[in-house]
Amino acid sequence: MRVLITKNYDEMSRAAANYVAHRINEFGPTAERPFKLGCPTGSSPLGLYKHLIKLNKAGLVNFENVVTFNMDEYVGLPVEHPESYHSFMWTNFFNHINIKKENVHILDGNAPDLIAECEHYEQMIAEAGGIDLFMGGVGPDGHIAFNEPGSSLSSRTRIKTLTTNTIQANCRFFDNDVNKVPKQALTVGVGTVMDAREVLILCNGPHKARALHHMIENGISHMWTSSMLQMHAHGIVFCDEEATVELKISTYEYFKDKQRIEGAIEEFLGYYNV
Ligand code: GLP
């Protein structure tokens, strides 16, 4: 696992966005061989999306042959609701880049048969040839997508009941009213994310410090589902300094030293300059 510790949220977002754009460009997607990108919602990726938009507008990355699969969606929230993950993705990313509508995949939390919807989603990912790069954030309790503590580490796309912790964390988007937050979601499984050829996680802010500690320096546990990243052959974490406060000093120094030797942050920031 690579862990990149950036100065702050802005640097994290720019370095991660440049990294993603570079991966797409290296792959050289075509209509016959598109790049499959897994997308998260939440506040963590907002800066990354803003930067990818800038790169796209500057002609430095092209989404014409990029196919996306989103991580999750609330159950029972109308698609046009401003807090649906459909709205989030179109408002914050897809409306501003040259992606084709038919290349966007987001779970339908209003499907008449939710189980069939989840099975169909897995099938679509498989038919597309798997995901090349899955981007993600983490919840304060270390969850990835909506794989709440206790989720099977080999889980697939399914319905999940949200925990009180997640409902409280997300009520800021619903007038701070826990009763307005949907109680269930459809989510890709931990196994679905881990099947991607590469997984990139964003983790920023002091409220994510415990999650980062469990994700990278404790053992793998279904109570901190993002810790499964330790099993992935190509896992990369972009965090900011604030998220590192629960790490052992030796862990922090180890990763800082490694990135200094590799010149990784400078390399990523140097890919594109917009
Ligand atoms: C929700 C989403 C996750 C996201 C998490 C953290 O639970 N399902 O995919 O990572 O929120 O969100 P934020 O980035 O706003 O902290």
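**Notebook: surface, fold and ring pairs of a predicted chain**

I began with the surface, and I found that the chain exposes about 11700 Å², of which carbon and sulfur atoms supply 52%; accessible areas here come from the Shrake-Rupley method with a 1.4 Å probe, and for residues only the protein chains shown count as cover. I note that this is a predicted model, in which local features need pLDDT of at least 70 and side-chain atom pairs count only at pLDDT 80 or more, while totals for chains, interfaces and linings use all residues. Residues are numbered from 1 along each chain as its sequence is written, and side-chain values use heavy atoms, with hydrogens and water left out.

**Overall fold**

I looked up the secondary structure next and found nine helices and ten strands in the chain, where helices (H or I, at least four residues) and strands (E, at least two) are DSSP runs numbered from the N terminus. The radius of gyration is 18 Å, close to the 19 Å that the globule rule gives for 274 residues, so the chain is as compact as a globular protein of that length; the radius is taken over C-alpha atoms, and the rule is 2.2 Å times the number of residues to the power 0.38. Along the principal axes, the C-alpha atoms fill a box of roughly 55 × 40 × 35 Å.

I then asked what share of the 274 residues is buried. Buried residues make up 57% of them, with buried meaning under 20% relative accessible area, exposed over 50%, and partly exposed in between (1.4 Å probe, protein chains only). For contacts (heavy atoms within 4.5 Å), I noted that among those between residues at least 6 apart in sequence, 78% join residues at least 24 apart.

On charges, I found that the mean positions of the 24 positive and 33 negative ones are 3 Å apart. Lys and Arg count as positive and Asp and Glu as negative, while His and the chain ends are not counted; the place of a charge is taken as NZ of Lys, CZ of Arg, CG of Asp or CD of Glu.

**Aromatic pairs**

I turned to rings of Phe, Tyr and Trp (its six-membered ring), which pair if their centres lie within 6.5 Å, with planes under 30 degrees apart counted as stacked, over 60 as edge-to-face and the rest as tilted. The count comes to 16 aromatic pairs. In one of them, the rings of Tyr 74 and Phe 146 have centres 5.7 Å apart and planes at 50°, so the pair is tilted. Tyr 74 lies in strand E4 (residues 72–74) and Phe 146 in the loop between strand E6 (133–136) and strand E7 (158–161), so this pair ties together parts that are 72 residues apart in sequence. Tyr 74 is buried at a relative accessible area of 1%, and Phe 146 is buried at 2%.

Phe 238 and Phe 268 form another tilted pair, at 5.9 Å centre to centre and 50° between the planes. Here Phe 238 sits in strand E10 (residues 235–240) and Phe 268 in helix H9 (residues 264–271), 30 residues apart, and the pair links distant parts of the chain. I found Phe 238 buried, with a relative accessible area of 0%, and Phe 268 buried as well, with 1%. Ring pairs also link Tyr 19, Phe 238, Phe 268, Tyr 271 and Tyr 272 into a cluster.

**Buried spots in helices and a loop**

Which residues of helix H3 (residues 85–92) are buried? I recorded Tyr 85, His 86, Ser 87, Phe 88 and Met 89, and what covers the buried residues of H3 includes strand E2 (35–39), helix H2 (46–57), strand E3 (66–70), E4 and helix H5 (164–170).

Ala 17 lies in helix H1 (residues 9–27) and counts as buried at 0% relative accessibility. Not counting residues up to four places away in sequence, Ala 17 touches Leu 48, His 51, Leu 52 and Leu 55. Ser 227, in the loop between helix H7 (209–216) and E10, also counts as buried at 0%; with the same neighbours in sequence left out, Ser 227 touches His 214, Met 215, Gly 219, Ile 220 and Ser 221.

**Positive phi**

I closed with two residues other than glycine that have a positive phi: Ala 145 near 50° and Asp 175 near 55°. Is each buried or exposed? Ala 145, in the loop between E6 and E7, is buried with a relative accessible area of 8%, whereas Asp 175, in the loop between H5 and strand E8 (184–187), is exposed with 59%.
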